[in-house]
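Good morning, colleagues. Please look at the structure on the screen while I go through its surface, its sheet and a few backbone details.

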Amino acid sequence: ASISNATRDLSHELHPFVLEYIGLVGALRTLCRRASEHGKMKVTFNEQNVPPRLDVGIAHCLYRVAQEALQQVTDRGKARAVTVELKVEKGFARLLIFDDEIGLSSEQFYSGSTGLASARERLLDMDGTFNVTSTPQVGFTIEASLPLTFLNSPVPAGQPIRSEKTI
């Protein structure tokens, strides 16, 4: 049973079906709640101007950035507070992640993370941007943005959101 549960959990992490059914906002809210429950830090989630349905490729890419960033912060265990913000503005979906960990450079933040490096590459392949900045005595900021692609036809609630794009 233990191997079966581990396989199921890994499968859900590799392809978060929750994105297709509750959307990016719900998936990020759940991810932040779980990170807060399992870590020694408070994780806050905010969203602004996010439509109920985003292109699944965009949603998946931004979810991966948040997932990998929260994993990095949790693994190091030095941050006490993390804020995750998702905003849609000026034709872009922007994900901002702030933490209060001090003492590392921006390069050190994601130098050992193949997951975060992979998420960065996906963003760049989709004409997005990815920046990590470290402010002394303040902490880290990760900013990931992607140009928006909305679905043209509405999808009934509970139905999977499909996209032509793959990442």
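On the surface, a nonpolar patch is formed by Phe-17, Val-18, Tyr-21 and Ile-22, which together have about 350 Å² of accessible area. A patch here is made of residues with over 30% relative accessible area and no salt bridge, with like charges joined within 9 Å and nonpolar side chains (Val, Leu, Ile, Met, Phe, Trp, Tyr) within 5 Å. A salt bridge requires a side-chain nitrogen of Lys or Arg within 4 Å of a carboxyl oxygen of Asp or Glu. Areas come from the Shrake-Rupley method with a 1.4 Å probe, and for residues only the protein chains shown count as cover.

I should say at once that this is a predicted model, in which local features need pLDDT of at least 70 and side-chain atom pairs count only at pLDDT 80 or more, while totals for chains, interfaces and linings use all residues. Residues are numbered from 1 along each chain as its sequence is written, and side-chain values use heavy atoms, with hydrogens and water left out.

Within the patch, Tyr-21 belongs to helix α2. Its relative accessible area is 40%, so Tyr-21 counts as partly exposed; buried means under 20%, exposed over 50%, and partly exposed in between, with a 1.4 Å probe and protein chains only. Tyr-21 and Arg-53 are 32 residues apart in sequence, and their C-alpha atoms are 9.8 Å apart in space.

Let me turn to the fold. The chain has five helices and five strands, in the order α-α-β-α-β-β-α-α-β-β from the N terminus. These elements are DSSP runs numbered from the N terminus, with helices (H or I) of at least four residues and strands (E) of at least two.

How are the five strands ordered in the sheet? The sheet is open, with mixed pairing, and reads β1-β2-β3-β5-β4; strands pair if DSSP finds at least two bridges between them. The edges are taken by β1 (42-48) and β4 (129-135), each with a single partner strand, so one side of each has no neighbour in the sheet. From one strand to the next, the twist averages 10 degrees.

Helix α2 (residues 18-38) packs on this sheet, touching β1, β2 (81-89) and β3, and its direction makes about 165 degrees with that of β1. Contact means heavy atoms within 4.5 Å. Axes are lines fitted to C-alpha atoms, for helices over the stretch in contact, and angles between N-to-C directions run from 0 to 180 degrees. Helix α5 (residues 114-125) lies across β4 and β5, at about 135 degrees to β4.

Strands β3 (residues 92-99) and β5 (residues 139-147) run antiparallel and are joined by eight bridges. Leu-95 has Ala-144 as its bridge partner in β5, and Asp-99 has Phe-140. On the other side of the pairing, Phe-140 stands opposite Ser-134, and seven bridges join the antiparallel strands β4 and β5.

Finally, the backbone. Most residues other than glycine have a negative phi. The hairpin of β4 and β5 has three residues between the strands, and Gln-137 in the turn has a positive phi of about 65 degrees. Asp-127, in the loop between α5 and β4, also has a positive phi, of about 65 degrees. Asp-127 is exposed, at 62% relative accessibility.
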